[in-house]
Amino acid sequence: MSLGSWLRDRPAFLERIYQGAEWLFRRLDPLFKRAGYDRANRWLRKPEDWAKQVVFDCRMCGQCILHSTGMTCPMSCPKNLRNGPCGGVRANGHCEVKPEMRCVWVQAFERSQKMNVYGAELLWIQPPVNRQLEGTSAWINMLSGVDKETPKGWQ
Ligand code: SF4
């Protein structure tokens, strides 16, 4: 078992790390603002990509919703669903597209049940992902608010 999958099965621990990281980034926000979010994005995107890839198999969508999906990256779903599962989950809980793989959304549900703070967020309806943010730092996008901007007409 890889370090990432071992950690992903400890969502309560990961949500505590997430809370600590959010607290830290919000405190560093004045520094990022002064430097400019574009520059801060250049500083952060590589280390963020590396760390989140090791732990979450992150695809750097730039709009991280891990804490709303049982600390399971929704972009690792072969259909890239932000609201899942699709109708094709197999009876054994595996993926319709990749039968050897457990459904990301089955895992998200199971892990959300073990979380103490954000588990209920799994029921939130997520807006479509903004592909223009791909490859950018989700932390900086959270601070600048660009990750909350929804497409025209989205309610
Ligand atoms: S939701 Fe986006 S930023 Fe978060 S781990 Fe998945 S691909 Fe990476």
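**View 1. Pro85 and its cis peptide bond, in the loop between H3 and helix H4 (104-112).** In this predicted model, Pro85 is placed in the loop that runs between H3 and helix H4 (104-112). The peptide bond that joins Gly84 to Pro85 is cis, with an omega of about 0°.

**View 2. Met60 and the surroundings of the ligand.** Met60 lies in the loop between H3 and H4, and its phi is near 55°, a positive value in a residue other than glycine. With a relative accessibility of 8%, Met60 counts as buried, because the limit for that class is a relative accessible area under 20%. Met60 is also one of the residues that surround the ligand, together with Lys52, Cys58, Arg59, Cys61, Cys64, Ile65, Leu66, Cys73, Pro74 and Met75. Sorted by class, this shell holds nine nonpolar and two charged residues, and no polar ones.

**View 3. Gly62 and its contacts from distant parts of the sequence.** Gly62 is found in the loop between H3 and H4 and counts as buried, at 2% relative accessibility. When neighbours within four places in sequence are left aside, Gly62 is in contact with Leu133, Thr136, Ala138, Asn141 and Asp147. Arg26 is 36 residues from Gly62 along the chain, and the C-alpha atoms of these two residues are separated by 17 Å.

**View 4. Met71 and the largest nonpolar core.** Like the residue at the centre of View 2, Met71 has a positive phi in a residue other than glycine, with a value near 55°. Met71 lies in the loop between H3 and H4 and is buried, with a relative accessible area of 2%. Apart from its neighbours within four places in sequence, Met71 is in contact with Arg8, Pro11, Leu14, Glu15, Tyr18, Phe56, Leu66 and Met115. The largest nonpolar core has 22 residues, of which Phe25, Phe32 and Met71 touch the most other members. At least two residues of this core are supplied by each of helix H2 (11-35), helix H3 (37-56) and helix H5 (138-144), and the largest share, five residues, comes from H2. A second core of five residues, separate from this one, includes Cys77, Cys103, Val104 and Trp105.

**View 5. The stacked rings of Phe25 and Trp139.** Four aromatic pairs are present in the structure. One of them is formed by Phe25 and Trp139, whose rings are stacked at 4.6 Å centre to centre, with 15° between the planes. This pair links distant parts of the chain, since Phe25 belongs to helix H2 and Trp139 to helix H5, 114 residues apart. Phe25 is buried, with a relative accessible area of 13%, and Trp139 is likewise buried, with a relative accessible area of 13%. Both rings belong to one aromatic cluster, which is formed by Tyr18, Phe25, Phe32, Tyr118 and Trp139.

**View 6. Arg10 over the ring of Trp6.** In this close-up of a charged side chain and an aromatic ring, Arg10 lies over the face of Trp6, at 3.9 Å from the ring centre.

**View 7. Met142 in helix H5.** Met142 lies in helix H5 and is buried, with a relative accessible area of 12%. Not counting residues up to four places away in sequence, Met142 touches Glu22, Arg26, Asp147 and Lys148. The distance from Met142 to His94 is 32 Å in space, C-alpha to C-alpha, with their positions 48 residues apart in sequence.

**View 8. Gly36, in the loop between H2 and H3.** Gly36 is found in the loop between H2 and H3 and is partly exposed, with a relative accessible area of 21%. That value does not meet the limit for a buried residue, because buried means under 20% relative accessible area. Gly36 and Ser144 are 108 residues apart in sequence, and their C-alpha atoms are 9.9 Å apart in space.

Note on methods
Residues are numbered from 1 along each chain as its sequence is written. This is a predicted model: local features need pLDDT of at least 70, side-chain atom pairs count only at pLDDT 80 or more; totals for chains, interfaces and linings use all residues. Side-chain values use heavy atoms; hydrogens and water are left out. A residue is near a molecule or strand if one of its heavy atoms lies within 4 Å of it. Ala, Val, Leu, Ile, Met, Phe, Trp, Tyr, Cys and Pro count as nonpolar, Asp, Glu, Lys and Arg as charged, and the others, Gly among them, as polar. A nonpolar core is a set of buried Ala, Val, Leu, Ile, Met, Phe, Trp, Tyr and Cys residues joined through side-chain atoms within 4.5 Å. Buried means under 20% relative accessible area, exposed over 50%, partly exposed in between (1.4 Å probe, protein chains only). Helices (H or I, at least four residues) and strands (E, at least two) are DSSP runs, numbered from the N terminus. Contact means heavy atoms within 4.5 Å. Rings of Phe, Tyr and Trp (its six-membered ring) pair if their centres lie within 6.5 Å; planes under 30 degrees apart count as stacked, over 60 as edge-to-face and the rest as tilted. A charge sits over a ring if NZ of Lys or CZ of Arg is within 6 Å of the ring centre and within 35 degrees of the ring normal.
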